[in-house]
Amino acid sequence: MTRPTTLNVRVFRLLLKLYPGPYRRKYGREMELFFEEAYEEGRTQPIRFWLAEFRDHVSASRRIRRRYGGEGTMMSLVHDMRWAMRALRRTPGFTVFATVVLALGVGTTTAAFTALDRVALRPLPYQGADRLLYLGTRIKDQTNLSAVSPALMAALLESPGPAEAVVGLGGAESVLTGIGDPTRVNLTQVTAGYFEMWEGRPILGRLLTGADHEATAAHTLVVSEGYWRSRLGGDPDVVGRVVNLNGRPTTIVGVVSKAFRPPLLGGSRTGELFVSMGLRQSEPERGRFFIRAVARLQRGASKADMNRHVSGITRAVYPPSAGGFVTGAATRDLKEVVVGDVSSSLQRALAAVTLLLVIACVNVSNLLLARGSSRHSELTVRGALGASRRRIARQLTAENVILGAMGSGLGALVAVATLAAVRTWAPPTLPRLAEIRPDALALCLSCGAGLCAVIVVGLIPSLQASRRATTARSGRSREDMKIQGGLVFAETALAVTLVVGSALLAKDLIDITSQDPGFAIDGLVSAQISVRGRPAGESSETAHQFWRSLTERARSLPGVSSASLVSQQPFGSAGMVGIYTPEGMEDAPQGAWVPTLAVGGDYLSATNMRPLEGRLFTPAELEGDRLVTLVNASFVDRYWPNEEGAGRRIKSGGPDIDDEGTYEVVGVVPDVSQEPGLPAEPLMIVPMALESLREMFLLLGTDADPALVADALRNLIRQSDPGLPITSITTVEALARDAVATPRFLAVLFGSLAAVALSLALAGIYGTTAYSTEKRQREIGIRLALGAPRSRVVRDVTLRAGAVVLGGTACGLGVAALASTFLSEVLRQTPALHPGVYGAVAIAVVSIGSAAAWLPANTYTRVDPMKTLRPQGP
Amino acid sequence: MTTRTLQILLALAEGPAHGYGVKQRVERRTNGTVELRSGTLYEAIQRLEGQRAIKEVPPPKGEVPSGGPPKRYYALTEEGYHALVQEISRMDAVVRHAKSLPFLSTERA
């Protein structure tokens with residue numbers, strides 16, 4: 001009769017392994033029966049029972065082992081480990097190299113996996129995260145989903161449909177006065193329910209409630225804990241304090257705890273001050289789409305339900321019959337919107353580092369194989385002394401286990417360091433960056449994988465070595481060479497794959513940065529100024545007067561050669577977008593949605609812009625004497641393909657709107673890239689005087705030190721208007737650098753991985769050639785003694801290794817070509833199958849690889865034939 | 001002879017027993033002051049078997065458990081019996097000598 005085996009019995013059986021085999025076979029069963037009865041008695045105090053049991057078996061088994069003159073399985077394992085440690089200590093060079101190689105592979109893989117897991121795989125850290133949807137508006141001619149307008153947001157709040165809750169946020173830069181100097185603050189406008197949705201808790205006072213969102217409510221403000229501590233000095237009496245926000249007295253009602261982390265949407269920054277969006281007006285705005293809306297579905301409701309509901313509401317607010325620019329609505333999973341295309345980048349990185357791990361494993365395998373052969377005599381002695389093949393293989397495996405453990409341990413440190421580096425160096429646009437932290441699960445998983453990898457990888461070398469030790473075969477085997485050749489082949493192929501990938505990214509980066517941005521950026525300093533600091537209700541005449549005089553005074557600063565105002569920072573995101581009807585589109589149902597750049601002062605001359613057709617603005621036009629515009633080449637391509645642009649007309653507003661004014665195109669200018677490497681969008685450039693702006697950039701052309709100019713400019717602005725907040729002042733060159741942050745990050749990441757992979761492969765080539773040449777010294781000695789020229793011997797050895805490298809490279813190029821589709825999405829300029837890149841990599845790898853083979857070939861053939869021909873020991 | 005060995009032999013002197021039976025007899029007689037666990041017990045059993053002081057015997061009639069697997073029973077051998085008697089008389093001599101000493105005499109107490 002069989003009884004179920006309990007966990008206790010299983011543990012007990014493990015304990016029995018302490019005893020030698022014959023003893024266990026004789027008494028083990030009896031002891032188990034004894035144990036079961038004893039456990040029944042002792043079960044009330046299991047811990048005490050087990051402790052006594054362990055003590056008893058450890059001491060009894062020691063006496064028994066002495067009686068048998070041998071060891072139990074466990075003791076012999078301990079013994080194997082000790083032996084392995086000693087063996088590894090004897091060859092510190094090998095041990096350190098193998099550990100570091102493994103650590104690099106394991107560490108980088110762990111880091112990449114953790115990043116992918118944290119950013120893309122895990123649900124967002126909010127309640128009901130899988131039911132969160134991002135709501136957006138489709139606008140004609142816009143490929144991306146746009147945000148929603150206040151009118152739409154108000155309608156959605158009124159009727160949430162299948163959603164449990166709908167919230168919206170809008171960002172606005174504002175000027176805060178009443179606390180020290182006027183400062184520019186990052187204001188977040190929120191709708192009712194915003195704090196509840198993202199689980200905000202007040203640490204002081206209260207959060208915004210329904211009453212705060214009423215149209216008649218007093219202006220209230222909630223500040224973040226970070227802002228409260230850094231800017232308000234952690235003042236405990238802050239609740240009730242009145243500050244001035246954009247000229248409106250506003251009462252601070254509470255402080256939200258730092259655990260409140262709403263998702264960053266549409267490039268928004270972490271909020272510092274939160275105010276009500278104030279949608280309860282009689283007529284909410286319909287023309288501006290800036291509110292990021294998120295809905296949490298009711299349980300059981302589907303995305304399709306919400307899609308239908310949002311589309312219905314959008315149709316009601318913007319009836320298609322009225323012929324507007326809103327074409328519909330759409331919903332997307334919030335996580336998709338937050339994480340964006342980073343997920344695929346991370347998958348690429350993970351694929352690359354996994355290749356690196358495989359290369360590291362192949363390398364270690366190669367090293368172990370060579371090590372096994374070179375220890376032939378030691379192992380043969382052990383075999384002759386009676387060690388079984390199994391025992392020798394077990395001892396060698398013990399070495400591998402220790403190597404794996406050390407590699408994984410060091411790898412964990414590498415992973416932690418890599419993640420810290422990623423947090424520091426990654427472009428700040430990477431979502432959920434703060435969540436990228438090493439966790440126990442990822443570390444265990446990858447370290448376990450590393451350990452398994454080295455055991456599996458070490459198995460063949462261990463079996464080879466142990467077989468040879470016990471079958472009295474020659475230490476040098478052809479089979480070994482074949483396996484080693486195969487490993488070098490694989491290593492080279494994998495390294496080439498990575499090198500091609502990184503070379504493509506590097507080439508792309510070079511192409512992007514060497515591309516002409518469309519204007520001169522040297523010596524330009526850009527200062528960001530918020531217009532909201534100007535007195536409210538200022539007439540546009542006075543405002544323009546003020547800006548004109550500020551520009552004049554800036555131009556007369558020492559070291560400044562030009563000063564101009566512009567509505568959008570070079571390489572910044574599109575600021576103004578308007579609806580226009582270009583000539584010839586009068587019968588189209590809707591107008592064109594065109595980004596607009598307003599410029600003033602010396603902008604066109606300071607950036608050295610040259611017209612392709614027509615001319616630039618005259619000074620009178622810059623002062624706003626009539627409606628004129630410049631368009632870029634893409635504009636002409638899109639709306640008047642193969643035709644002249646200069647002299648044509650563009651009506652402001654859609655075709656259905658009566659005359660709001662018509663711009664005359666005075667000239668066509670080259671495309672100005674906003675995102676380097678990406679195709680330019682159509683753009684209109686209008687004189688600043690024709691626009692009223694919320695935000696402006698003052699561009700100064702200078703040949704002096706930008707830091708000095710920045711100081712002078714700060715003083716100047718403070719003198720002109722003490723209420724005007726001074727924000728970032730930076731060189732346009734720095735902006736250009738920031739604009740390629742993502743491609744640069746990818747290029748650096750892949751470049752460093754490829755460098756590591758290539759050096760590992762070279763080390764493999766070098767080591768294998770060195771080893772095989774050393775083994776062939778007798779043969780080489782004979783050839784030299786028979787009169788063969790040394791150069792020929794060197795050539796033979798090098799060619800043999802070179803053939804393997806060549807084969808590996810060819811294979812690697814093929815794999816790279818297949819895998820390059822992975823990269824084609826991130827490459828902005830370079831085609832994924834760029835023949836030059838593939839050719840260059842092939843030539844480089846084959847020549848460096850051959851050099852790595854030539855070096856040892858040259859060294860080891862520099863021998864005295866007589867010495868190598870002398871009879872050798874065993 | 002160690003206390004444990006003596007106690008095991010004494011237990012088997014009562015008649016054949018399996019491992020757990022030995023433990024129960026010893027603990028009952030010593031009120032639990034001598035504790036036997038499987039490691040120590042079978043180590044002693046192996047040693048005593050090697051010295052031919054005990055041997056394996058077929059389970060006594062009527063003591064074969066109804067359901068569980070058969071257990072090995074051990075009994076004292078001739079040699080074991082002599083060794084036990086010798087040890088006890090040696091201890092007896094020691095005890096008698098000790099009691100004759102004035103400062104340990106029971107009369108004094």
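The legends below describe close-up views of a predicted model of chains A and B.

**View 1. Chain A as a whole.** Chain A of this predicted model contains 27 helices and 21 strands. Half of the chain is shielded from solvent in the sense that, of its 874 residues, 50% count as buried. Contacts in chain A with a separation of 6 or more come to 80% from residues 24 or more positions apart. The accessible surface of chain A amounts to about 40100 Å², and carbon and sulfur atoms contribute 58% of that area.

**View 2. Helix 26 of chain A and its packing partners.** Helix 26 of chain A covers residues 835-860. Its 26 residues should span 38 Å at 1.5 Å a residue, and the C-alpha atoms at its ends lie 38 Å apart, so the expected and modelled lengths agree. The buried residues of this helix are A:Val837, A:Tyr838, A:Val841, A:Ala842, A:Val845, A:Gly849, A:Ala852, A:Ala853, A:Pro856, A:Ala857 and A:Asn858. In an α-helix, residues three or four places apart point the same way, because there are 3.6 residues a turn. The buried residues of helix 26 of chain A pack against three helices of chain A, namely helix 15 (478-514), helix 22 (741-775) and helix 24 (790-819).

**View 3. The loop that carries A:Glu644.** A:Glu644 is located in the loop of chain A between helix 19 (633-639) and strand 17 (649-652). Its relative accessibility is 55%, and A:Glu644 therefore counts as exposed, the cut-off being over 50%. A:Gly614 is 30 residues from A:Glu644 in sequence, and their C-alpha atoms are 9.4 Å apart in space.

**View 4. The fold of chain B.** Chain B comprises 4 helices and 3 strands, which follow one another from the N terminus in the order α-β-α-α-β-β-α. Of its 109 residues, 42% count as buried. Among contacts between residues at least 6 apart in the sequence of chain B, 45% join residues at least 24 apart. About 6500 Å² of chain B is accessible surface, with 55% belonging to carbon and sulfur atoms.

**View 5. The sheet of chain B and the helix across it.** The 3 strands of chain B form an open antiparallel sheet in the order 1-3-2. Strand 1 (17-18) and strand 2 (54-57) are the edge strands of this sheet, each pairing on one side only. Strand 2 and strand 3 (residues 73-76) of chain B are joined in the antiparallel sense by 4 bridges. B:Glu56 stands opposite B:Tyr74, a residue of strand 3 of chain B. Helix 3 (residues 38-50) of chain B lies across strand 2 and strand 3, and runs at about 100 degrees to strand 2 of chain B.

**View 6. Helix 4 of chain B.** Helix 4 of chain B spans residues 78-100, and its 23 residues reach 33 Å from the first C-alpha to the last, close to the 33 Å expected at 1.5 Å a residue. The buried residues of helix 4 of chain B are B:Gly80, B:Leu84 and B:Glu87. Helix 1 (3-13) and strand 3 of chain B are included in what covers these buried residues.

**View 7. The contact between chain B and chain A.** Chain B contributes 22 residues to the contact and chain A contributes 24 residues. Between them the two chains bury about 2100 Å², 50% of it on carbon and sulfur atoms. On the chain B side, B:Tyr20, B:Arg37 and B:Tyr42 lose the most area to chain A, together 32% of what that side buries.

Conventions. Residues are numbered from 1 along each chain as its sequence is written. Chains are lettered from A and ligands numbered from 1 in the order in which they are written. This is a predicted model: local features need pLDDT of at least 70, side-chain atom pairs count only at pLDDT 80 or more; totals for chains, interfaces and linings use all residues. Side-chain values use heavy atoms; hydrogens and water are left out. Two strands pair if DSSP finds at least two bridges between them. Helices (H or I, at least four residues) and strands (E, at least two) are DSSP runs, numbered from the N terminus. Contact means heavy atoms within 4.5 Å. Axes are lines fitted to C-alpha atoms, for helices over the stretch in contact, and angles run from 0 to 180 degrees between N-to-C directions. The expected span of a helix is 1.5 Å times one less than its number of residues. Buried means under 20% relative accessible area, exposed over 50%, partly exposed in between (1.4 Å probe, protein chains only). Accessible areas come from the Shrake-Rupley method with a 1.4 Å probe; for residues, only the protein chains shown count as cover. Buried area is the accessible area (1.4 Å probe) that two parts lose on being put together, summed over both.
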